[in-house]
Every structure is written in C-alpha cells, then in structure tokens.
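Good morning, and thank you for the opportunity to present at this meeting. I shall take you through one structure, moving from the overall fold to some details of the backbone.

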Amino acid sequence: MSFELETAISPDKLRRVAIDPVSRVEGHGKVTILLDDDNKVHQVRLHIVEFRGFEKFIQGRPYWEVPVMVQRLCGICPVSHHLAASKALDMMMGVKQLTPTAEKVRRLMHYGQILQSHALHFFHLASPDLLFGFGSDVAARNVVGVIGAHPEIAKKGVLLRKFGQEIIRMTAGKRVHGTGSVPGGVNKSLAPDDRAELLKDIYQMVAWSREAVGMIRNLFEQNLAEYNEFGRFPSAGMCMVRADGAMDLYHGGLRARDIDGNTLFDHFNYGRYWEVIEEDVKPWSYMKFPFFKSLGPDDGSYRVGPLSRVTLCDSIPTPLADKEREEFMAFDGGSVTGATLGYHWARMIEMLHAAESIKDLLHDDDISGHDLMATGQRQERGVGVIEAPRGTLIHHYRVDENDLVIRANLIVSTTHNNHAMNTAVREVAKKYLNGREITEGLLNHIEVAIRAFDPCLSCATHALGQMPLEVAIVGADGTVIDEATRDHRGLTHEISGIRSIP
Amino acid sequence: MNAPMPPPKKLRVATTSLAGCFGCHMSFLDIDERLLKLLDLIEFDRSPITDIKHCGPCDLGIIEGGICNAENVHVLREFRKNCKIILALGACAINGGLPAQRNHLDLRDVLEEVYQTEHLLGRGGIPNDPELPLPLNKVHPIHEVVKVDYFLPGCPPSADAIWKLLTDLLAGRTPTLGHGLLHYD
C-alpha cells in the first residue's frame, strides 16, 4: 500500500482546498487537498469528522437493549447493526443454532435491507454522476435531476427501495430502527397477509434488479477506458463466505486474499477475528485504519463490500446473480474486477441476489412459522459478524453475571475501507487535479471515487478528538451552554459550567 | 386578454444531518412515490442528496440530529440565518437522542479508552488534527442554540408524519398531527 500524497513535507506553504461536506454519502466527512502555486497536488485526505462513542456508552446497559440501541449508529443500514448485535448475543446466550423460522426471518430482513440500501445508493445517490457525467452541472447532478431526465429509471429505484423497506417493516415492525431480532431468535415471523402482499411484487423486483445490472454494464461498455482506470489501485480484499465458498451475506467464515490474489486466510472463524485484524490510528481522522496483522500496518490494508464479495466468492447461490457474476468476472479479460467503479456493478449483482433470495424465502413455509426462540448455555462473550451492504461488520461484546455489557468493540464496514478510500481519492487527485485550475466539476471527481465505496461515515465514528481552538455555545437567550478548549496534552476539558455572558 | 398564470413558486427546502444517524432522512425518503409529487412543489437547497455545500436563502430548513461538535453549531447557525422556518426532525434534534447517552461520561476517559488502551490498537495516539472539529463535552438539542419553529418527534418520525407536516406547511396550514402520527419510538 502506498502512502504517497498522505502527508505533505511543508504543509504551511501550500494552498488548501476543501470538499466540506462530502455529499451524497451517509454521514459526515470532508476531503482536504493541499496544492502548490502550480496546482500540483501534495496532500489529499478523507477526514471523518464526527465523534459518537457508542462502544463506551452501551457499557453498563442490559444486553437485551443492545440490538435496539446500536442500530442507531446508522439509519441507512440499521438492520445490519441490529442483526450483528443479535448474532453476537446469540453466541453469548450459548445458542449455536437458531430455529429455522428465526434464521429465515432474519435472512429475509437482511436481504430486504441489502435490496433497499443498494437501490438507495445506486439510484438516489450515485446515479447522477454516472448518468450525467462526473463534472456535469451541479444544479442537476442529484436525484431530482434524475427524476426529471430519466423518470422511469428513478421510479424503479424508488419502488425497489420501497419494497426492501416494506420487508423490513413487516419483519422488524418499523422501516427504520425496528425491534424484530432479539438475542436467541426473533419476536415475530412473517404474517401470512404480508407474505401474500410481498409475493405479488417480488417477480417485478427481480426483473428490475436484472435491468439495473444491465444498466451499469452498459455504462461500463460505453465508458470502458475511463471507468476502468478511475481511482484504480491494487488492493487486498476480505469478505465472509459459506462453507462451500459461495457468497453468504448472513453467515460464514472469513476469507482474505492479498493484492496478488494469494489466500491469506480462508473459512476463518470470525469468533477470533482479532487474530487476523488490527487497527491503526492517524491523527487526522476519527476513523481507524484496520489492517491484516500478518502484513502489518504499512502493507496490510484491504477493501470490503460488494467488489470484494463478488470477486472473492466462488459462486453466488442464486442462478440469475451467479450468471451475472460470471459475465462480470470475464468482462474485458477480468479488468473490471480491480476497478474502483466496479463496486457499482458488483453492488447491482448483489441487489439481484438479494431479490432472488427474497423470492426463495417467500416460497418457504418456515417464514411464517411459530418456533421463534432457541436457548443454550450462557457464555461470557459473543462475536457477531454479518456482511452488511457496505461490507464485513464485526460486533463483539462481553456481558457480566448481572447481564450488563462490560465491554464492546465494533469494526464497521466503512472502517475497513478507510485506507482504500483514501488511496482511491489520491489516485483521482493525481490524475485529474494535478496542475489544473480546480473547478467544482473536478472536485466532484474526488467524491465520485468516495461514493463508489458507498461509505457510511456515521457508522464509522467511534471516538473523541480535539481541535486547537476554543468554542462556546451561546443559547438564544445569550446564555453560554457549553464550552470546550484543549489543554497542553491535547485533551478536551470543560472550562466551566453554565454561566451568563455580561 | 388574460396572460397565463405563472407556475407557483416552489418552496425552497434545505436539510442536514448533524449528530444524527441519517434515519430521519431515510424516513423522509420513505414517503416513496410521494417524493415524485413533492418535487413539483419544492426544490432542494443544501441537503445530503444534492451537492450544494452551503445553505442559501430558504423557506424551510430541516435539521436532523443534535449538536456534538463545533461544526454542528456552525452549520445550524447558517441554517437559522437563511431559513424562514426551522424544523427539528426527530429525537436527536429535539433532545439529543441516543448520542446524548455519552453526556454522563468524561470525554477524557473515552478518548483514552478508545485510542490508547484499546487492545486492538496498533500505534495509538489521539486524533488531534486542526481539520477535525472540536467535540463538545455534551450533546445538545438544537433549541438550546437557535430558535426552533416546529418539533416533529420520533426515532425516526414516520414518513406519514413527515408528509403530513410538509403538506400542511405547503398548504399554508398550521401543521397538526392526527392520531397515530405523533409517537416517540
């Protein structure tokens, strides 16, 4: 992994350009670029600027609250956190095997989530760049512009997302932040009326998902050289696979390959993830930088998410998506499998896989069964891993004898991609910005590279940090509500409590 | 001879997520097909779904999330300055929500735990770059910082509640939520 352009030698002498906030992504991030007088790029960084501290404040809470609390990390993929936490707490409860109904209802919820999240990302957030061009007019470069110029495409996107959200509502109780999954199982199965309702529309959803794969494939055919090279860099990858090596987004073992395609580990038990993954910290981002332990922090970065899953698995266990995967892998001699924009294509293949999997589950009578909960021998800790829409998501808890959480560690999908996103934006900056007059359209190229990863930046904020200035919040009535500054060690502390300004 | 009536001016709307999870924005998009109809009546200024980075003059500013750092304060004030009406959307904007659970913790402890004593950590160190906004000791609701015109509760508020409030405002009515639309979960 190259750290070229990460840190300029003399930042004081350079001009700063910022993209703040990065838009059409989930969460709070900004990009800073340092340029010299000739507009040569010396430093590019994607900063994650917000703190949340979930791992700390769930300590001391009863474990059964956790699946409902931690999903509030993210409103786009709450089901991922809901399920990863439930899986970790299944293990903590000693439940080795869920009931068939519980596992299938959770899978249905998860595939509904993959469908809605991938549709949202492609149609509502990323498609304006692809349909109008990376440097097109900023006023129309959004979903409203897509609705105006391509109303049929936009409408299918809206309805695909709606279908996924409805599955979540029917299995979890609410479209955003539901309560369906609990440690040891689920609290309801799919009602027969809901099942009939979903069966009416699922074939249309499969067909539209196929069209979406065709649409991104066409875009690649029309712009092959640009799409293939855009933000491209060699990268290792990681994902979860089933025992037979096929894609499985809900459960399996970890598989990782290095940049040359050599296997680093395979079918690795995620209950011991810390033996293969470690995290680094850099002073300019709240998001950590994970790496493979065996390769070390300088060479061990990797990427996760649709591109890693589709390229690292041996097959996809639904026929239409599997056929699309074969075509993707063979396209232009396999060149797209290493392209940053290949993420979009892989994401649509997964959306098709999710739609097909939903169809199969709706035809399975277990989905409306009544045996919902399993029990086991209580353990002290549990680890739950799921392939969330954006990649491998790890939840790890320790629970004491009073059923209170005493320790939590979360490694979210977007955090795994931290290095990869930074590398992609540096590649784009080198190629498109170097030596040119910086325009809004050129800066959007940087964001196009970030959007390919579909980052979820508010998922990725664990911790606190500090900025060298003072701030005071003054309320509408002139009262100082909060102030903060930093001490000589760089730690935040409060100057005083509430006081009045004279 | 009568000139044709010009089309009615669209309401200009800005939205942002401060210390929130984007769930309220997702619930807004959960109006589904009604979004297509809404776009005949409103246009978006700064929002996570457009590439406009700063809020300009608007009729309505929708704020998701509370205040957890200096940047949130700055953005919120920019919205208040530019928007005729400010709507606090969802639990976090109204009372800090789940992120405010950190309010009983000491920031220093959390910093040290996450960045220095974390067992998974490689090289460690607390992030302190000037590009990172200063986090506040507490997470605050937005009405502690600016005047707020409407509060819509829920985690998140349902799409139907958001739709009712927007259509009431568009029709010039005082928004009222009927039975089932006012909830706090």
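Let me begin with a proline. P21(A) sits in the loop that connects strand 1 (15-19) with strand 2 (29-35) of chain A. The model I am describing is predicted. In it, the peptide bond leading from D20(A) to P21(A) is cis, its omega being near 0°. Chain B offers another case: C155(B) and P156(B) are joined by a cis peptide bond with an omega of about -5°. P156(B) belongs to the loop between strand 7 (150-152) and helix 6 (159-170) of chain B. For context, most peptide bonds are trans.

Next, the overall form of chain A. Its secondary structure consists of 14 helices and 18 strands. The C-alpha trace spans about 65 × 60 × 50 Å along its principal axes. What radius of gyration does chain A have, and does it match or depart from that of a compact globule? For 502 residues, such a globule would have a value near 23 Å, and chain A has 23 Å, which agrees. Of the 502 residues in chain A, 57% are buried. Furthermore, if we take the contacts in chain A between residues at least 6 apart in sequence, 70% of them join residues at least 24 apart.

I turn now to backbone angles. As a rule, most residues other than glycine have a negative phi. L5(A) is not a glycine, yet has a positive phi of about 70°. This leucine is found in the segment before strand 1 of chain A. Is L5(A) buried or exposed? L5(A) is buried, because 20 other C-beta atoms lie within 10 Å, and the cut-off for burial is 20 or more. D454(A), also not a glycine, has a positive phi of about 50°. D454(A) lies in the loop between helix 14 (440-452) and strand 15 (471-474) of chain A, and is buried, with 28 other C-beta atoms within 10 Å.

Finally, let us consider helix 6 of chain B. At 1.5 Å a residue, its 12 residues should span 16 Å, and its end C-alpha atoms are indeed 16 Å apart. Its buried residues include A159(B), I162(B), L165(B) and L169(B). Viewed down the helix axis, the buried residues fall within an arc of 165°, so they line one face of the helix. They pack against helix 1 (23-29), helix 2 (34-38), strand 3 (58-64) and strand 7 of chain B. Just after this helix, G172(B) adopts a positive phi of about 80°.

Note on methods:
Residues are numbered from 1 along each chain as its sequence is written. Chains are lettered from A and ligands numbered from 1 in the order in which they are written. This is a predicted model: local features need pLDDT of at least 70, side-chain atom pairs count only at pLDDT 80 or more; totals for chains, interfaces and linings use all residues. Helices (H or I, at least four residues) and strands (E, at least two) are DSSP runs, numbered from the N terminus. The radius of gyration is taken over C-alpha atoms; the globule rule is 2.2 Å times the number of residues to the power 0.38. A residue is buried if 20 or more other C-beta atoms lie within 10 Å of its own, exposed if 12 or fewer, and partly exposed in between; C-beta atoms are placed from the backbone. Two residues are in contact if their C-beta atoms, placed from the backbone, lie within 7 Å. The expected span of a helix is 1.5 Å times one less than its number of residues. The arc is that of the directions from the helix axis to the C-beta atoms.
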